[in-house]
Amino acid sequence: MKLDVDVLRYLSKDDFRVLTAVEMGMRNHEIVPTELIDRIASLKHGGTYKVLKNLLKHKLLHHDSSKYDGFRLTYLGYDFLAIKTMVNRGVFAAVGRQIGVGKESDIFEVATEDGTVLAMKLHRLGRISFRAVKSKRDYLRHRSSYNWLYLSRLAALKEFAFMKALEEHGFPVPKAVDCNRHCVVMSLVQGYPLVQVKQLQNPETVFETIIGLVVHLAEHGLIHCDFNEFNIMIDDNEKVTMIDFPQMVSVSHRNAQMYFDRDVECIFKFFGKRFNLSFKEHTDENDGSDVDSDENGRPTFSSISKLAGFLDKELAASGFSRKDQDDIEKFIEGGIEKDRSSDTEGTEDEEHESKSSETIKRTLDSLHLLEKEENTSNFIEEGKVYENQQSCETGQNNGSESEEASDKEEESQTLNTGDVELVKRLNKQRRRAIASVRGGRRSLASRNSYKDKGGKSSQNSKLKKQLSSW
């Protein structure tokens, strides 16, 4: 989408207030509902709907009513928010022509109040030409859904942090000025991309300088991962400058050797085709660094001596905090902190399961005791028909004594568990057993005796018939 800055001068405070409300709503909504935008913006007399119509006309928002009525930010609206913030900070005062277009960014000239020309890079992840972000960049991990605006913001923040750290350690990179959202402001490099250069006065010197930069980066713990003729600027004095840093990784990455060899191969291949260099003469001349080379003169990753201070550990001082690094790393390697938390939760669940298993065992023991009481009650009830009243009373007394003993055992077991609901349930079952023994009501087993074929109730009925025949 083309950046038309002329619209920016006609936007009011209410317009930017509504744009900010949509941005805040997109933190947890893919499409922000209109009612939520109205509540966040808090404009008087329903002015939010009028502003939304104006922003939609300038293509700063996208309207979607497939599931519900809502809006989302477009890249043009996100550009206006970042530019407005930069202008309020005094970083620049004017936006000029577009000087570069990439598969994941656009570059514009901007000018400060004193006339200094800077470069503004707007990250635009999600273009048709480059949507394989999940496999090509480390912004995503195993997430299936993501927001392109959020990924562009992470890419800009990461590039600004790397640029700041490399500048402090003397690497030839543009000077990082400021960063906001997906926008990075840096110094303008006075030069040309190496891919546009047809002739060099000293191609061997330039080649050795570029290979030395690759090795020097690896010695400081970083690999560029996209070090080719498109990301190398060279001026009239053949001074080399590196650009484009969002894809940089550490030397501890599992594919670090592959990325290093690929960067070296790109440089060797370009200089061999464009300037017809023979690389056998440059085996031990990698910018004064003692690095072993293979048969073709290429530096090997295993021979590079890693320095003590890695640049990736110093990114917190440059504005790229550890939390932001974790947000990017969680996209592709699976969330280590989440695994740790799940392990701790697993141990707590095991302890809880062990406690619950103990309570279940105790309840089962108590239920077995109740089953014994019910069996004795059934036997006593059958004996009432054929025995005299005295033997029945003695049986009931003996049954009551056994019940009191079992009640004491149940109370001691339930008091150990401390489960109030379990105590209530056991007391209810105990009252049912006592009532069945005293003849107040029939037991559940005898009530459903017709369903039990060959069980205890059927055996008791056979015993009744034999006694009656005697």
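The following dialogue discusses how to read the helices, sheet and nonpolar cores of a predicted model.

Colleague: How many helices and strands are there in the protein chain?

Modeller: The predicted model has 14 helices and 13 strands in its protein chain. The chain has 470 residues, of which 43% count as buried. Among contacts with a separation of 6 or more, 65% are between residues 24 or more positions apart.

Colleague: Let us turn to the sheet. What is the order of the strands in the open sheet, and what is their pairing?

Modeller: In general, strands of a sheet pair through backbone hydrogen bonds, either parallel or antiparallel. Here, the open sheet has 5 strands in the order 4-5-6-8-7, and the pairing is antiparallel. Strand 4 (94-101) and strand 7 are the edge strands, each pairing on one side only. From one strand to the next, the twist averages 25°.

Colleague: How many bridges pair strand 7 and strand 8?

Modeller: Strand 7 and strand 8 pair over 4 bridges in the antiparallel sense. Asparagine 180 has cysteine 183, in strand 8, as its bridge partner.

Colleague: Which strands does helix 4 lie across, and which does helix 6 touch?

Modeller: Helix 4 (residues 75-89) lies across strand 4, strand 6 (117-123), strand 7 and strand 8, and runs at about 130° to strand 7. Helix 6 packs on the sheet and touches strand 6, strand 7 and strand 8. The direction of helix 6 makes about 160° with that of strand 7.

Colleague: What do strand 2 and strand 3 form?

Modeller: Strand 2 and strand 3 form a hairpin, with 5 residues between them. Strand 2 (residues 61-64) runs antiparallel to strand 3 (residues 70-73), and 4 bridges join the two. Leucine 61 has leucine 73, in strand 3, as its bridge partner.

Colleague: I should next like to read helix packing. At what angle do helix 7 and helix 8 pack?

Modeller: Helix 7 (residues 203-219) and helix 8 (residues 256-274) pack at about 175°, and their axes are 11 Å apart. An angle over 145 degrees counts as roughly antiparallel, so helix 7 is roughly antiparallel to helix 8. On the helix 7 side the contact is made by Pro203, Val206, Phe207, Ile210, Ile211, Val214 and Ala218. On the helix 8 side it is made by Phe260, Asp263, Val264, Ile267, Phe268 and Phe271. By class, this contact of helix 7 with helix 8 has 12 nonpolar, no polar and 1 charged residues.

Colleague: At what angle do helix 1 and helix 3 pack?

Modeller: Helix 1 (residues 13-25) and helix 3 (residues 47-57) pack at about 90°, with their axes 10 Å apart. The two helices are therefore roughly perpendicular to each other. Asp14, Asp15, Val18 and Leu19 of helix 1 meet Thr48, Val51, Leu52, Asn54 and Leu55 of helix 3. By class, the contact of helix 1 with helix 3 has 5 nonpolar, 2 polar and 2 charged residues.

Colleague: Finally, which residues have the most contacts inside the largest nonpolar core?

Modeller: They are Leu166, Ile210, Ile223 and Phe271, in a core of 50 residues. Elements that each supply at least two residues of this core include helix 6 (148-168), strand 7 (176-180), strand 8 (183-187) and helix 8. Helix 7 gives the largest share, 9 residues. Another core, of 44 residues, lies apart from this one, and Leu36, Ile83, Val110 and Leu122 are among its residues.

Notes. Residues are numbered from 1 along each chain as its sequence is written. This is a predicted model: local features need pLDDT of at least 70, side-chain atom pairs count only at pLDDT 80 or more; totals for chains, interfaces and linings use all residues. Side-chain values use heavy atoms; hydrogens and water are left out. Axes are lines fitted to C-alpha atoms, for helices over the stretch in contact, and angles run from 0 to 180 degrees between N-to-C directions. Angles under 35 degrees count as roughly parallel, over 145 as roughly antiparallel, 65 to 115 as roughly perpendicular and the rest as oblique. Contact means heavy atoms within 4.5 Å. Ala, Val, Leu, Ile, Met, Phe, Trp, Tyr, Cys and Pro count as nonpolar, Asp, Glu, Lys and Arg as charged, and the others, Gly among them, as polar. A nonpolar core is a set of buried Ala, Val, Leu, Ile, Met, Phe, Trp, Tyr and Cys residues joined through side-chain atoms within 4.5 Å. Buried means under 20% relative accessible area, exposed over 50%, partly exposed in between (1.4 Å probe, protein chains only). Two strands pair if DSSP finds at least two bridges between them.
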